[in-house]
Each structure stands twice: as C-alpha cells, then as structure tokens.
Amino acid sequence: MMNPFLINEPTCISFSGGRTSGYMLWKYLEANNGLPSDAVVCFANTGKEQEDTLQFVKDCEQNWNVNIVWLEFDDSEVKFRVVNFDTASRNGEPFEKLIKKRKYLPNPVARFCTGELKILTIERYFKFMGKPDFATAVGIRADESRRAAKMKDKLTPLMAANVTQADIQFFWKQQSFDLGLKFNNGVTPLGNCDLCFLKGGSQIVSLIADNPSRAIWWAKMESDIGGTWRSDRPSYSQMAKFTASQADMFSDETISCFCGD
C-alpha cells in the first residue's frame, strides 16, 4: 500500500490548530523528509480560537521547523489577509466582519462560517498565489466516518492509515509540547471556536460558568445583529445567567462543524 502521506501534487495541509491535524502535519513531514515546494500548511484563524490554540500552532512551527501560513478572512478586495502569531486576531474580528457583511448570524441550517472563514479563505489565498488547482488534506480520523462522508473531495490520509483518537493521544503524550487544552470524554471542549453554536447546550453553559467572559462576544453579536445563533435554545446572554447546575436543561448533542481537530 502506498504511503498516504507522500505528496506528489500541489497540496494544502489544512491545520485547524488541534491535536489531530497537528499529528497529520507531523506524518507529512516525516514521510516527505520535510515538505516539498508545492505543499503549503495553512491555519485559518477565526479570531475565536483560544490562545492555547494559537500557541500550539506557533509551537509546531518552531519545534518542527515548518512554515505555516496564518490566514484570516478580511472584507477587502482579496477577502483574506496573512497574519502571524503576534498579529493574529484574538477578539473575533474576522468572524465579526463576516457577520456584518452577511447581516445575519450563522446557524445550524446556514453554517456559512466554516466555509467563509476557513475553506474559502484558504482557496482565495491559493488563487491569489497563482495556484488555483490544489488538493486539500484534512485531519479526519478512521473513527470519524460520519464526518468523512462529507469530505469526499478532500485528502484524508489519517483514514487511509487507520489512525484513531487513541493513536493521536498516544503520540502527543510522547512529545515535548502539546496543545494546552483539556481532552475530556473523547473531545477537546474548547477546540475550534470557544462557544461554537454547534456545541451541545450544556457544554456551552459549562464553559460559560467556568469563564463568564467567554459569552460576551457571542452575546454582542446577537445584540448587534438583532438575532440569535439558534432558535431552539436561549440566547448567549440568557445562558450567561445560568449556573452550571442548570446545564442539564439541554440535550447535549454536539453537531460536527467540520472545522477539524
């Protein structure tokens, strides 16, 4: 069987800033003895990732001596901007620009945030660089068949290599650095956008109870737009008033946002 991590075409290695995509990046570096010139690692920052996520991306760059292109959605002619660890947005600025451009909030039915802030932002960057035709590798594991079903146009080398969550966790326990976010019950609760509306309701309430300031930006967007992120649960300002003991008022199914881990 051919090594699924060998690169033989223009490729974007999409790094979400999580442990799974970080492992995928390492396997690409290992298989190719570094990266060939037609492979680019991209991290698309929404501005709502935790500081630990940004630090993890920087740590991967420095520890593995690999260049990672940091991108953000921007309401400009090219619709993106290139940033770095120091200049990356940390208060939801790219996300807010998108919301104000659309004039409504993304929701479970219209999840335009991932598409615009991540997928299209990366595509626009590649087109701007004169590389409109490229393959995209995403960190989807062998134990994520539900997510993989919607990624048929992407490279999923972890699936091909039968990599599971257990493999990912074992790998990072052997490394000299790791993502500074807790891994609980098979998930990283604060991975991707901190209070993503696709996360389970009780999970969001718990995260707010742990740090009430997390709800401020999400509640402000609801107030600015005059709407809610979801019609089937209280607003973020209302949830901010709940206590952790009231979190069981929700059914706690988290919906996959496809931003990656």
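**Exercise 1.** Find which residues have the most contacts inside the largest nonpolar core of this predicted model.

*Solution.* Start with the core itself, which has 58 residues. Inside this core, Ile68 and Trp229 are the residues with the most contacts. Now look around Ile68: setting aside residues up to four places away in sequence, it touches Phe15, Leu25, Val41, Cys42, Phe43, Val57, Cys60 and Glu61. Another core, of 11 residues, lies apart from the largest one, and includes Cys12, Ala44, Phe80 and Phe134.

**Exercise 2.** Place Phe134 in the chain and list what it touches.

*Solution.* First, the location: Phe134 sits in the loop between α4 (112-128) and β5 (135-137). Next, skip residues up to four places away in sequence; what Phe134 touches is then Pro10, Cys12, Glu123 and Phe126. Cys12 also turns up with Phe134 among the members of the 11-residue core.

**Exercise 3.** Work out how β3 and β4 pair, and pick out the residue with a positive phi in their hairpin.

*Solution.* Strand β3 covers residues 68-73 and β4 covers 80-83; they run antiparallel, with four bridges. Across the pair, Leu71 is opposite Val82 of β4. Then check the six residues between the strands: Lys79 has the positive phi, near 65 degrees.

**Exercise 4.** Decide whether Glu222 has a salt bridge or lacks one.

*Solution.* Glu222 belongs to helix α9 (residues 214-225) and is buried. Its nearest side chain of opposite charge is Arg233, 9.0 Å away. A salt bridge needs the nitrogen and carboxyl oxygen within 4 Å, so Glu222 has none. Beyond its neighbours within four places in sequence, Glu222 does contact Leu105, Gly227, Thr228, Trp229, Ser235, Tyr236 and Ser237.

Methods:
Residues are numbered from 1 along each chain as its sequence is written. This is a predicted model: local features need pLDDT of at least 70, side-chain atom pairs count only at pLDDT 80 or more; totals for chains, interfaces and linings use all residues. Side-chain values use heavy atoms; hydrogens and water are left out. Two strands pair if DSSP finds at least two bridges between them. Helices (H or I, at least four residues) and strands (E, at least two) are DSSP runs, numbered from the N terminus. Buried means under 20% relative accessible area, exposed over 50%, partly exposed in between (1.4 Å probe, protein chains only). Lys and Arg count as positive and Asp and Glu as negative; His and the chain ends are not counted. Contact means heavy atoms within 4.5 Å. A nonpolar core is a set of buried Ala, Val, Leu, Ile, Met, Phe, Trp, Tyr and Cys residues joined through side-chain atoms within 4.5 Å.
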